[in-house]
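Q: Could you walk me through how to read a pocket and the ligand in a model?

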Amino acid sequence: MRRAILVLLLLPVLVPTAAARDAAPGGHRSWDDVEHWAKIFDDPSRDEWQKPLGLLNFLGIEPGETVAEIGAGTGYFTKILSIQVGPQGKVYAVDISQPMLDHLMGRKDVVAERVVPVLGAADDPKLPAGAIDAVVVLNTWHHIGKRSKYLSRLAQALSPEGRVAVIDWREGELPMGPPPAEKLPRERVIGEFEKAGFKFVAESVMLPYQYTLVFRLPAKKDTRRYTR
Ligand SMILES: C[S@@+](CC[C@H](N)C(=O)[O-])C[C@H]1O[C@@H](n2cnc3c(N)ncnc32)[C@H](O)[C@@H]1O
């Protein structure tokens, strides 16, 4: 009888719940639960603090460019990129979740014929070599585990004009974003990129909850002027 009670008490520890089994990094829901994430990522009030058009302007993405969004999610920013690159441009939407990519490609506000969905690996964006003018990593860099390996893959994917923008969460208690323990300090991100051979070239302080950092490889030519 005593043993039966002990087993019952230990059951939740021994048998992971469905939620725990499916958990994405950080212990929350699986990324494949698109319906759940769409309510959060595409909440109309997000525009107030995410300022997607201001971000687009700062990043200087031009018509005709080839852009990659790493961790494209439900397509919140991909839709804007797909419009901005114009008919001659292309957006590689990279994600490790096939349901996210399926959802994104089915959105009516995404210009699907300009978007190439890419099912990336956790440590490899699987992008074509030398082809990408701008890589955008929005709220995703802190989810990538083997970042130095990832950076070497990104470096291979960049074109001569290529730059990488990381937008991720500021430290401290904020009304949104991951818990403090999951965040990557801005200085750490800069350090990781510099260690991988990138140069820190610009920063925007426009967003209230996130830092925005731009990097490029020293051998690459970057003639654009960043404003803030
Ligand atoms: C917090 S969401 C951000 C989604 C989108 N960028 C946004 O801001 O709305 C993180 C996304 O990154 C994806 N992800 C996590 N690890 C990844 C990795 N190693 N490579 C590519 N995507 C990844 C997840 O599937 C998820 O869609």
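Q: By class, which residues make up the lining of the largest pocket?
A: The lining has 22 nonpolar, 13 polar and five charged residues. Here Ala, Val, Leu, Ile, Met, Phe, Trp, Tyr, Cys and Pro count as nonpolar, Asp, Glu, Lys and Arg as charged, and the others, Gly among them, as polar. This is a predicted model, where local features need pLDDT of at least 70 and side-chain atom pairs pLDDT 80 or more, while totals for chains, interfaces and linings use all residues. Residues are numbered from 1 along each chain as its sequence is written, and side-chain values use heavy atoms, without hydrogens and water.

Q: How is a pocket found, and which residues lie nearest the centre of this one?
A: Rolling a probe the size of a water molecule over the atoms shows where empty space is left. On a 1 Å grid over the protein atoms alone, a pocket is an open set of points where a 1.4 Å probe fits, with protein on both sides within 12 Å along at least five of seven lines; lining residues have an atom within 4 Å of a point. The largest pocket is lined by 40 residues, with W31, F41, N139, T140 and H143 nearest its centre. Helix α3 gives the largest share of the lining, three residues.

Q: Which polar atoms does the ligand meet at G71, D95 and L138?
A: A polar contact is a pair of N or O atoms within 3.5 Å. Ligand nitrogen atoms lie 2.7 Å from a polar backbone atom of G71 and 2.9 Å from one of L138. A polar side-chain atom of D95 is 2.5 Å from a ligand oxygen.

Key
A polar contact is a pair of N or O atoms within 3.5 Å; within protein, one must be able to donate a hydrogen and the other to accept it, and residues adjacent in sequence count only if both atoms are side-chain atoms. Helices (H or I, at least four residues) and strands (E, at least two) are DSSP runs, numbered from the N terminus.
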